[in-house]
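User: I should like to learn how to read chain symmetry and a protein–DNA surface in a model. Please take me through them in turn.

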Protein chains: 4
Amino acid sequence: MWGVTATTPDAAPVDQERKAPGRPRSPRADEAIIEAVLDLLTEGNPAESISIESVAARAGVGKATIYRRWSNKEALLVDAVASVKGEPPRIKGESVRDDLVALLRPIAVPAHSRAAKIMPCLWSEIHRSPELHRCVQKISEPRRELMREVLRRGIGSGELRADLDLDLVLVMLMGPLISQTMTGWNPNLDRATLPERLVDMLWPAIARP
Amino acid sequence: MWGVTATTPDAAPVDQERKAPGRPRSPRADEAIIEAVLDLLTEGNPAESISIESVAARAGVGKATIYRRWSNKEALLVDAVASVKGEPPRIKGESVRDDLVALLRPIAVPAHSRAAKIMPCLWSEIHRSPELHRCVQKISEPRRELMREVLRRGIGSGELRADLDLDLVLVMLMGPLISQTMTGWNPNLDRATLPERLVDMLWPAIARP
Amino acid sequence: MWGVTATTPDAAPVDQERKAPGRPRSPRADEAIIEAVLDLLTEGNPAESISIESVAARAGVGKATIYRRWSNKEALLVDAVASVKGEPPRIKGESVRDDLVALLRPIAVPAHSRAAKIMPCLWSEIHRSPELHRCVQKISEPRRELMREVLRRGIGSGELRADLDLDLVLVMLMGPLISQTMTGWNPNLDRATLPERLVDMLWPAIARP
Amino acid sequence: MWGVTATTPDAAPVDQERKAPGRPRSPRADEAIIEAVLDLLTEGNPAESISIESVAARAGVGKATIYRRWSNKEALLVDAVASVKGEPPRIKGESVRDDLVALLRPIAVPAHSRAAKIMPCLWSEIHRSPELHRCVQKISEPRRELMREVLRRGIGSGELRADLDLDLVLVMLMGPLISQTMTGWNPNLDRATLPERLVDMLWPAIARP
DNA sequence: CGTTAATCGAGACGGTACGTCCTGTCTTCGG
DNA sequence: CCGAAGACAGGACGTACCGTCTCGATTAACG
């Protein structure tokens, strides 16, 4: 799973699996480095304040050991983030509305998992790095797909309008939460209840007339 | 207009705008500094590559003259950008829907001005300091207030429901655009038409039944 | 007494004494500036650590007020030092040996006067500045002349050899004390008793055989 | 020979000169830095005008590489000077008087070497820090010890009095020369002949009666 | 079992930029 | 015109990281 962007020419196809000569890379170092990045992020350090040197020190590892695996800070961040991806929340599958709310709530109240604590630290870097951006997209895609399925189920059951643009609905539900997370919460809007208010507000627009 | 985040304790005491003692700050320096930042940005330098030193050199100004006005690079960048973002778009005041779309469009399609090239570079920096965040809020507040006024007008005219939570509506309209700008545009959603689709989609939820 | 090196074109000869137009320079500022320099030196700050800014702040004076009077730090230091010159010690005039010891002791034990505390701070600057050097020479000249007179008295009374090179004797008496002050005291040599040990040691070389 | 005042904790623990971990410091950098300082000094730049930055540029070295070795400018200057002062002069060992004169002369007439141009610039800096002072002491100690040995030899051979305080004699011989070097030469005293005049003058006081 | 070769922690390398401080000049106001 | 206050361009300071490099010491598989 490591090495998504790593420098290693581990492109040894499949067939021959020639073992590289010399001392093999230590998997303990891999772990320690990723773990150090994640620790630093979880402690609330903004992504751009994380220096390779601090990661090396925290991981008890030489700088070269990092640069041997990742060509720069961005690549390291990408792999570190890729390694967390908490599982998407369980949904009950009974009510479309409740399922949507259940899927939205973790975005608004990101208190529980480590992934949740890390995500906000990354917004800063996403714009600098298309790579990181794709990575974050990939991580969040399962959740989005889950929402699409819930919507399709609602359409299938006749609860929702059949002509919905799923992506549009998605962005109308998640966008407000994401923007609030990034630009700071409007004090007039309660984090905890915003997901259900969003769904309820949008309901007349998506429900079958 | 400069100095939104500037360090100056421009605490006009109470009474009469007492003139500060000593030599006043040179407006020429203000201009030269902002202009230098803007030049560097429009030349294609990525925002994070812009150093205070390069700005000082370009502006023909001492570093201290910059630090006297802005406490760090982000503050300077923000003010530079703020100086370039035109005033909120004129609205016709005829149709609530058209006014909303007109106010939203520049967020989705910031294409023309110099600000367009610059703004995206700044999301990166927003999360660092609460101060910077407040600054950005302040800059965008006029546009939000304008939208609130449009909504209030619609309520007054009976076009919209009277029990709307204006902030909630605001976040449902702007959030999707902002999040798309920040996290990258979903290729299934057209930037140009998204504003009107958002308004139209939300219309059944906010229009008087 | 001020203005030994000052910039002022106070070379208005004598005859005409045309009063300068405008507000006359405040003598209070003169005093405050010199006093500030002296304070800073007395507090043990080495001469090279004294900045014009610190002097201005301490004196409650604008920097320009200093530069109007002295062209640079060196000139200011020179005048400050020139203003102190404690009077040379009283000598009894009974014994040549005792008089020499009395004149040497303040060099070795510079505890009393302000001048004594300031002098060591200046060694640093003396080499940079011929001007300051001349100034210090002038200040210490009376003491040296006094010693020469004591020696001449001894020669006249037949107590000392007639063929003495007074300057050589002087440098053999003062040199060791000055060098100890500058390069740090050899712990094997007691500051308090060194003057008399020097004189006694040298006595066979200068006394009439 | 480098690093007399260097920052390195070359605390060889106890036993065996354990090699420090990590890449060893480059001797080429040491040389280049010292050489750059010496070049700048010999080109006539006054000592206080030499900046770490100019040294780094001239040596083709990063500033950190300098600060890793010396904690400040004076320490660097001292080591640079120390590297250039030749070993103490060879003494013939025949006559005590001639040996003393031979050892004193380089203090009075430091004319030939590069050291000659440099040393006077350093008195300025000596008073700043005790550390620097100790360093200078250490550098000059060999010469002083050599003089003590000459004096002991004279005592052993019966040429000199047995009850001499060697430190006192030392300071009486070197002090006048040092003070003349530092405070400027009395025009009545010839630099070239002062050493022998000092020894001859003091001779009756130190020779066995 | 020794050789070979890439790894490891450690830290020095040449650089770039930081944010602070001071210099000597200038520009404002009020006395 | 002088006073204080303080902004101005310039430049050095000492620090922090960057990404590269060089050490001696491991740590495998190959021969």
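User: By what rotation is chain C superposed on chain D?

Analyst: Copies are fitted by least squares on the C-alpha atoms of residues with pLDDT of at least 70 in both. In this predicted model, a rotation of 179 degrees with 0.1 Å of shift along its axis brings chain C onto chain D, at an RMSD of 1.7 Å. The two copies are thus related as by a two-fold rotation axis. The same surface serves both: 100% of the contact residues of chain C (contact meaning heavy atoms within 4.5 Å) recur in chain D.

User: What conventions apply?

Analyst: Residues are numbered from 1 along each chain as its sequence is written, and chains are lettered from A and ligands numbered from 1 in the order in which they are written. Local features need pLDDT of at least 70 and side-chain atom pairs pLDDT 80 or more, while totals for chains, interfaces and linings use all residues; side-chain values use heavy atoms, without hydrogens and water.

User: Which residues come nearest to DNA strand F?

Analyst: A residue is near a strand if one of its heavy atoms lies within 4 Å of it. Of the 41 residues around DNA strand F, R68(B), R23(C), T65(C), K63(D) and Y67(D) come nearest. Sugar and phosphate make up 68% of the strand's atoms within 4 Å of the protein.

User: Which atom of DNA strand F is 2.8 Å from the side chain of R23(A)?

Analyst: A polar contact here is a pair of N or O atoms within 3.5 Å. The partner of an N or O atom in the R23(A) side chain is a base oxygen. For R69(C), a side-chain N or O atom lies 3.2 Å from a phosphate oxygen of DNA strand F.

Conventions. A polar contact is a pair of N or O atoms within 3.5 Å; within protein, one must be able to donate a hydrogen and the other to accept it, and residues adjacent in sequence count only if both atoms are side-chain atoms.
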